[in-house]
Amino acid sequence: MAVKNRANRGQQYRRRRSQAPYVYGNVAVEVEPAYHEQSPERPKKKVSKQVLKNRKQALHMNSAYVIFLTVAAVTAVIVCVNYVKLQSRITDRSKNITAMQKELANLKEENNAKYNAVMDSVNLDEIRERAQNQLGMVYASPEQIVEYDNPATDYVRQLEEIPDDGVLAQSGKRRR
């Protein structure tokens with residue numbers, strides 16, 4: 001199909017070229033313009049007075065309309081200015097949040113470093129020695145240990161005060 005179209009274009013070009021007269025020399029021959037049929041002028045329709053009045057009124061802007069357009073334009077400008085201000089505030093706050101997040105990350109890193117330094121400086125053996133020798137602390141005896149089995153949760157809720165002897169209740173197994 002494409003080959004056929006190209007062939008047709010070539011034929012059309014040759015036909016157009018053959019219709020134009022060849023000009024010899026450097027002076028162009030004056031060609032008479034082809035006859036153009038002129039369309040007859042349309043007679044102007046008579047327009048009624050009401051139509052002319054309506055056209056004139058449509059083109060005329062009264063003061064109320066001008067004031068309305070002015071107020072609308074001013075309102076649009078105010079809304080646009082406020083929108084740009086809000087966008088600017090959002091951008092500033094976003095930058096502020098980013099700076100605070102960086103500061104928080106630095107403080108956390110510094111805090112972790114100091115915590116690790118404190119934990120490295122503590123010697124648990126030295127603390128145990130001092131507690132036993134200087135303060136007279138001893139390990140709990142097996143009678144003082146109360147075991148609590150609650151596999152459902154990881155914490156214990158205390159509902160009443162623990163007595164001075166440390167025993168809340170005794171089971172039938174422990175009674176002597």
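Good morning. I begin with helix H3, which contributes 3 residues to a nonpolar surface patch, the largest share of that patch. Please bear in mind throughout that this is a predicted model.

The patch itself covers about 600 Å² and consists of Tyr115, Val118, Met119, Val122, Leu124 and Ile127. Two helices, H3 (63–121) and H4 (124–133), each provide at least two of the patch residues. Between H3 and H4 there is a loop, and Valine 122 is located in it. Is Valine 122 buried or exposed? Its relative accessible area is 37%, so Valine 122 is classed as partly exposed, given that this class lies between 20% and 50%.

Let me now turn to the chain as a whole. Its secondary structure amounts to 4 helices and 0 strands, and in sequence order the pattern reads α-α-α-α. The protein chain has 176 residues, of which 1% count as buried. The exposed area of the chain is about 18,900 Å², with 55% of that supplied by carbon and sulfur atoms.

Finally, a word on confidence. For the protein chain the mean pLDDT is 79, and 68% of the residues reach 70 or more. Which elements mark the two ends of the range in mean pLDDT? The lowest value among the elements, 54, belongs to helix H1 (residues 2–19), while the highest, 95, belongs to H3. As a general caution, predicted coordinates should not be read in detail where pLDDT is low.

To return to the opening point, H3, the element with the highest mean pLDDT, is also the source of the largest share of the nonpolar patch. Thank you.

Methods:
Residues numbered from 1 in each chain as written. Predicted model: local features only at pLDDT ≥ 70, side-chain atom pairs only at ≥ 80, totals over all residues. Heavy atoms only, no water. Patch = residues over 30% accessible without salt bridge, like charges linked within 9 Å, V, L, I, M, F, W, Y side chains within 5 Å. Areas by Shrake-Rupley, 256 points an atom, 1.4 Å probe, with all protein chains shown as cover. Salt bridge = Lys/Arg side-chain N within 4 Å of Asp/Glu carboxyl O. Buried < 20%, exposed > 50% of the residue type's maximum accessible area, 1.4 Å probe, protein only. pLDDT = per-residue confidence, 0-100.
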